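Colleague: I'm new to this one. Could you walk me through how to read it, feature by feature?

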Amino acid sequence: MGDNRPEELIVVVDFGAQYSQLIARRIRECKVYSEIVPCDIPLESILSMRPKGIILSGGQASVYQEDAPKCDPKLFDIGIPVLGICYGAQLMAHMLGGEVRPGLRAEYGRTPLEVIDDSDLFEGLNPELVCWMSHRDVIVRAPNGFKVTARTPNSPVAAMSAPQRKLFSVLFHPEVSHTPWGIEVIRNFAYKICGCKGTWTAGSFIDGAIREIRERVGREKVICALSGGVDSTTTAVLVHKAVGDQLACIFVDHGFMRKGEPEKVVETFTRHFKINLIHVDASERFMKRLKGVVDPEVKRKIIGEEFVRVFEEEAKKLGKVMFLAQGTLYPDVIESGSKLAARIKTHHNVGGLPERMQFELIEPLRYLFKDEVRAVAEKLGIPPELAWRHPFPGPGLAIRILGEVTPERLEILREADAIVLEEIMRAGLYRQLWQAFAVLLPIRTTGVQGDRRTYAYAVALRSVVSEDGMTADWARIPYEVLERIANRICNEVKGVNRLVYDVTSKPPATIEWE
């Protein structure tokens, strides 16, 4: 975000915790901007961000190991409030002269917590609480100058503080929902200790993003690859507010979108927002490329490569274009250092576009989580059906048809998927679910329809709940809703006689089947 960061910022220093993203999300729920940085970042780089506070995350290591990750010891003397969580708490104790050692018993899960001092982090909370622990090592002695503010049966120093040095720590995890009052600890740190006022809102983000886009773009042209999803839609509307007719959106319809979506995208952008939209119907072109292709990895690569070619052809018609806008989100940025994460991302989006085309990137959403993008979308006036659209993979229905994609199979899946979404919305479940969709299986099963034996396709229903898509649990959809979906698909979609429900979580499965 460069020099255009909000004035109120709390930096999360990541020591390899599974909950680092969650810490940042909780801070942002307090309307305070937060960024995650790796633990080996130089202290000067942190200071250049001008943070109001710093949080040291949890991690898998033990602080007394030789190769344990550490921070610059000067961090504790710069006068900026620091909050250590779990490993971060142990590290603070260890580096400042306290004692950390393996506990007689590990503490995992819900644990009773006794508050000894409620003058800082625990202000306004009850003295007897239940928290979520996940650690083996314990702080047995706080450093000199620290006071113990909370304890548990197995952890004599479950929280400690040195207010005069602006140093605080908790051994439990206030960021998880299993510590229901944990958000109050984070809010106390952000507001009472760091002095934040909670000025980071969807409105303030939009104002700042528009200023930044205008400064970068000047009078140059911008193009945006539009898919109709909430990320690219919000990006397009935000950039249009900043530069107006300098923006042209290119919507490549590969023919694998859901029922009625291409028409909805065109109507929204040309009539609702009056944004210059180039609609390319390339469905026949993509279908020919996929003829006879069965391997899902090959499908993805073909669709990605063909998309790039179509996009390049349309972009050249516009003359000299300096900038490419795209809807990169913060989880993509955080995971960019992981080769596995990058590989997964190309499965579900069009990979290689920025590298193949020499544009400067405009990524106004690159520091937002999905729920924050939806809030910005609503503030921008994007219709709810687009702002709350479930995530949809770049290759579309092509990777929800297991095996070869044919016109017949595509039509069957499109109709079945439309019924799934209609019934989910009818039941008032759409916003409660992360995703709900149909998958066409490459098998035929025996059935009885109208007193006749049938041998038709089976369709799988996939529905999950999640916060960010990184992990997910299968959704407990009411039986009566499942029954309506099954009855409608088998009665209304020619060529289908069976519906099965996927009850696998992520992990071990992925959300998509291919």
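Colleague: Which strands does helix α1 lie across?

Modeller: Keep in mind that this is a predicted model. Helix α1, residues 20-29, lies across β1 (9-14), β2, β3 (53-56) and β4 (82-85). Against β2, α1 runs at about 160°. Helix α4 (residues 182-193) lies across β1, β3, β4 and β9 (167-170), with an angle of about 155° to β3.

Colleague: What is the strand order in the open sheet?

Modeller: Read the nine strands as β2-β1-β3-β4-β9-β8-β7-β5-β6, with mixed pairing. β2 (33-38) and β6 each have a single partner strand, so they stand at the edges with one side lacking a neighbour in the sheet. On average, neighbouring strands here are turned by 20° against each other, ignoring direction.

Colleague: How many bridges link β5 and β7?

Modeller: Two, and the pairing is antiparallel. For one of the residue pairs, look at glutamate 114 with its bridge partner in β7, arginine 151.

Colleague: Is glutamate 123 buried or exposed?

Modeller: The cut-offs are under 20% for buried and over 50% for exposed. Glutamate 123 has a relative accessible area of 38%, so it counts as partly exposed. You'll find glutamate 123 in the loop between β5 (99-115) and β6 (128-141). Leaving out neighbours within four places in sequence, glutamate 123 touches Asp118, Asn188 and Lys192.

Colleague: And what about hairpins: how many residues sit between β15 and β16?

Modeller: Two, and glycine 450 in that turn has a positive phi of about 65°. Twelve bridges join these antiparallel strands, and valine 448 has arginine 453 as its bridge partner in β16.

Note on methods: Residues are numbered from 1 along each chain as its sequence is written. This is a predicted model: local features need pLDDT of at least 70, side-chain atom pairs count only at pLDDT 80 or more; totals for chains, interfaces and linings use all residues. Side-chain values use heavy atoms; hydrogens and water are left out. Two strands pair if DSSP finds at least two bridges between them. Helices (H or I, at least four residues) and strands (E, at least two) are DSSP runs, numbered from the N terminus. Buried means under 20% relative accessible area, exposed over 50%, partly exposed in between (1.4 Å probe, protein chains only). Contact means heavy atoms within 4.5 Å. Axes are lines fitted to C-alpha atoms, for helices over the stretch in contact, and angles run from 0 to 180 degrees between N-to-C directions.
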